[in-house]
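This briefing sets out selected features of the structure shown below. The points are grouped by topic.

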Amino acid sequence: MNNPMEITIENLRKAICEYDNGLALKTAKEVVEQNIDPLVAINAMTGAIREIGNAFGRGDLWLPDLVGASDAMQAALPVLDEEIQRRGAQRMNKGVVVVGAVFGDIHSIGKTMVAALLTASGFKVEDLGVNVQSKRFIEAIRSCHADIVAMSALMTTTVAEQKKVMEELKKTGLREKVKVMVGGAAVTEEFARTIGADGYDPTAPGAVELAMKLIEK
Amino acid sequence: MENYKKLRVLSNNETLRIHENSLKILEHTGMYIDSENVLRTFSELGLYTDIAKKTVTFPRKTVEKCLEGIPREVPLYNRNGALSAELGKGKIYTASGHNAIYVLDYERNERRNATKEDVGKFALLSDYLPDIDIVGIEAMPQDVKAESSLLHAVDAVFNNTEKHIFFSPERAEVAAPIFDIAKIVLDAGNLKKMSPLTCQLSPTSPLTWEKGAIEALIETAKRGVPLCLLPQPFTGVTSPYTLAGHITLHNAETLSGIVFCQLINPGSPVIYGSGWSTFDMRTANVVIGSPETVLLRIAGSQMAEFYHMPYHTIAPDTDAHVMDEQLAWEKCATAWGAYLAHSDLIVNGGMFSTGLTVSFEQLILDSEMFSYIKRLSRGIRVDEDTLALDVIERVGPKGNYLDSEHTLKHLGKGEHWEPMVSTREVYENWRKKGMKDIVHKAHEKAGLIIKNHRVVELSDRKKKEIQKVIRNFENSL
């Protein structure tokens, strides 16, 4: 017989698997009310996401499935994160990633997908949004103690900004402390290599795999 | 009959519903414009703007009035000011291009970044090929400053072809010097009467005009340069996953561009553009060779027909990365889609890999494909002469038409298409000649053209002035 705690955790998993943001948020609040360890709740969610991610990789599910599940998890996270802080605990995360579209670029969908999928895969993500000046990337990397910075550029004119950020990283002595990954329609493998980035991937799910590889280095 | 009937995939009622929904979207939701200045300009021109939300909405009457005023035909001129195409009169025009990043290296057969020299060579090939009417920017040179890449590309193209050029800037600061270069080449004070280039611009789906694009639109419309409005939403990402909804969003965005142009410069030439793309939800990638894009090419042309304006689309397109059968059938299907749609302007000769890579061989092959569909579009001429009743009766049973005057009269006059590189020989002869496949033959042909074809050079004065424009632009960065 399932006890109330198990039922709540099961409902949370269900919310993720059914991409139900409302249910995810409601159940997250129940987790807090029922004094369930929020870290257990988060593990249950990332477990569900991992399964969905694997199914996507096998070709059994679609990109909207992955995005839907990530969105549901993102709906529940703020409530759980707040509880974690209140308890004085710390959320284990795979690493901290600063994400943004470079200065001059307002294309947001791909970047937002990457941020969502990274969060769902257990990374702590600081999404700086779009049109991000190199200064802001540097500040965020410093203040978040980022392990990875992920930049996107979708126009051939904005892709040069990624090079600028690389130069700023070197100037401020941060280059060794953070891994750099780049993406976006205007970015190529060659360009990533030329500017000295640590990795490049043209798709959102690929970006997550790349982040996993980079965090292990 | 000649002048084949265009294929339809939408009924008249369906076209009307899409149009009506587009008007609703423009009236109630509107477009986001990332520039307060531009918003103010359009507010003064009669649109409803919300500066705080950065949106503009379009009264129905304004949209309808603008649509009434657009020219039904758009003439295009070459570098010498001579008429080279008339879009909207029923003839198909085909173009090389457009904006790729990689080149499949001619010598090494490896993918590498495109260079300015490549762009010049593609233009030279395009200049030679009789079935390339208009020359696009085949690739964006990666060996020059990123910000001035397009200026260098346009420079390379103007120096290697006399044909009309097709280009797309990302912002006004780049468009303006390119228009200056066009004036230099034409030796004219303005481009209104005979523009040697057509500009292509895109909103950012859904329902957004970025600062760069909208400012470039204003610069283009002001000058009366033909403008190809080309939204490019991806199904299920930046537009509805369903095709009818996708067409509607595309249409609304196109209408917004038309209205902007007509308000800035009433009667300025516009082209209904399309780069139909769907999004593969398994691989998270944009595709342009899917059967849906074939349907969309045809549906889009019906919307353009509804508005009585010339239609542009992309073809032949493929998502294959090598010259295999997938490449061949996707290119064939998409080219046929464009042809069955009776497109006025078809751009993308030379591309594969979802428009990221180009090669000299592919341009030769796509030119062959353009040639094939142009023959299709000429149809079957039926008259006294072609019915050849008297010839049939004269030659009679057991006769032979090879030596008949009728046959001789029609040789080489267009009744039968002649390929440039396709194989037509019997096996034995083909084997004796080296068993070359079409890619091999295209490779050889490309080499010969680049080696031997010459274009009249621009005068030293024009070349110097163009370099000055580029230098000034780069110094201002």
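In this predicted model, B:Phe58 touches a set of residues that lie beyond its neighbours within four places in sequence: B:Leu26, B:Glu27, B:Met31, B:Leu47, B:Val63, B:Ser256, B:Val259 and B:Phe260. B:Phe58 is also among the residues with the most contacts inside the largest nonpolar core. In soluble globular proteins, nonpolar side chains tend to be buried together.

**Nonpolar cores**

- The largest nonpolar core comprises 80 residues.
- Besides B:Phe58, the residues with the most contacts inside this core are B:Leu150, B:Phe158, B:Leu197, B:Trp209, B:Leu217 and B:Phe260.
- A second core, separate from the largest one, has 49 residues, including A:Ile16, A:Ala48, A:Ala115 and A:Ala150.

**Fold and dimensions of chain A**

- Chain A contains nine helices and five strands, and their order along the sequence is α-α-α-α-β-α-β-α-β-α-β-α-β-α.
- The radius of gyration of chain A is 18 Å, which agrees with the value near 17 Å for a compact globule of 217 residues.
- Along the principal axes, the C-alpha atoms of chain A occupy a box of roughly 60 × 40 × 30 Å.
- Of the contacts in chain A between residues at least 6 apart in sequence, 73% link residues at least 24 apart.

**Burial, surface and charge of chain A**

- Of the 217 residues in chain A, 52% are buried.
- Chain A has an accessible surface of about 10200 Å², and carbon and sulfur atoms account for 51% of that surface.
- Chain A carries 25 positive and 29 negative charges, and the mean positions of the two sets are 6 Å apart.

**Cis peptide bonds in chain B**

- The peptide bond between B:Gly97 and B:His98 is cis, with omega about 15°; B:His98 belongs to the loop between strand E6 (93-96) and strand E7 (102-104) of chain B.
- The bond joining B:Ser205 and B:Pro206 is also a cis peptide bond, with omega about -5°; B:Pro206 lies in the loop between strand E11 (197-201) and strand E12 (208-209) of chain B.

**Positive phi values in chain A**

- A:Tyr19, a residue other than glycine, has a positive phi near 55°. A:Tyr19 sits in the loop between helix H1 (4-17) and helix H2 (21-33) of chain A and is partly exposed, at a relative accessible area of 29%.
- A:Asn35, likewise not a glycine, has a positive phi of about 60°. A:Asn35 is located in the loop between H2 and helix H3 (38-58) of chain A. A:Asn35 counts as exposed because its relative accessibility is 54%, and the cut-off for exposed is over 50%.

Terms used
Residues are numbered from 1 along each chain as its sequence is written. Chains are lettered from A and ligands numbered from 1 in the order in which they are written. This is a predicted model: local features need pLDDT of at least 70, side-chain atom pairs count only at pLDDT 80 or more; totals for chains, interfaces and linings use all residues. Side-chain values use heavy atoms; hydrogens and water are left out. A nonpolar core is a set of buried Ala, Val, Leu, Ile, Met, Phe, Trp, Tyr and Cys residues joined through side-chain atoms within 4.5 Å. Buried means under 20% relative accessible area, exposed over 50%, partly exposed in between (1.4 Å probe, protein chains only). Contact means heavy atoms within 4.5 Å. Helices (H or I, at least four residues) and strands (E, at least two) are DSSP runs, numbered from the N terminus. The radius of gyration is taken over C-alpha atoms; the globule rule is 2.2 Å times the number of residues to the power 0.38. Accessible areas come from the Shrake-Rupley method with a 1.4 Å probe; for residues, only the protein chains shown count as cover. Lys and Arg count as positive and Asp and Glu as negative; His and the chain ends are not counted. The place of a charge is taken as NZ of Lys, CZ of Arg, CG of Asp or CD of Glu.
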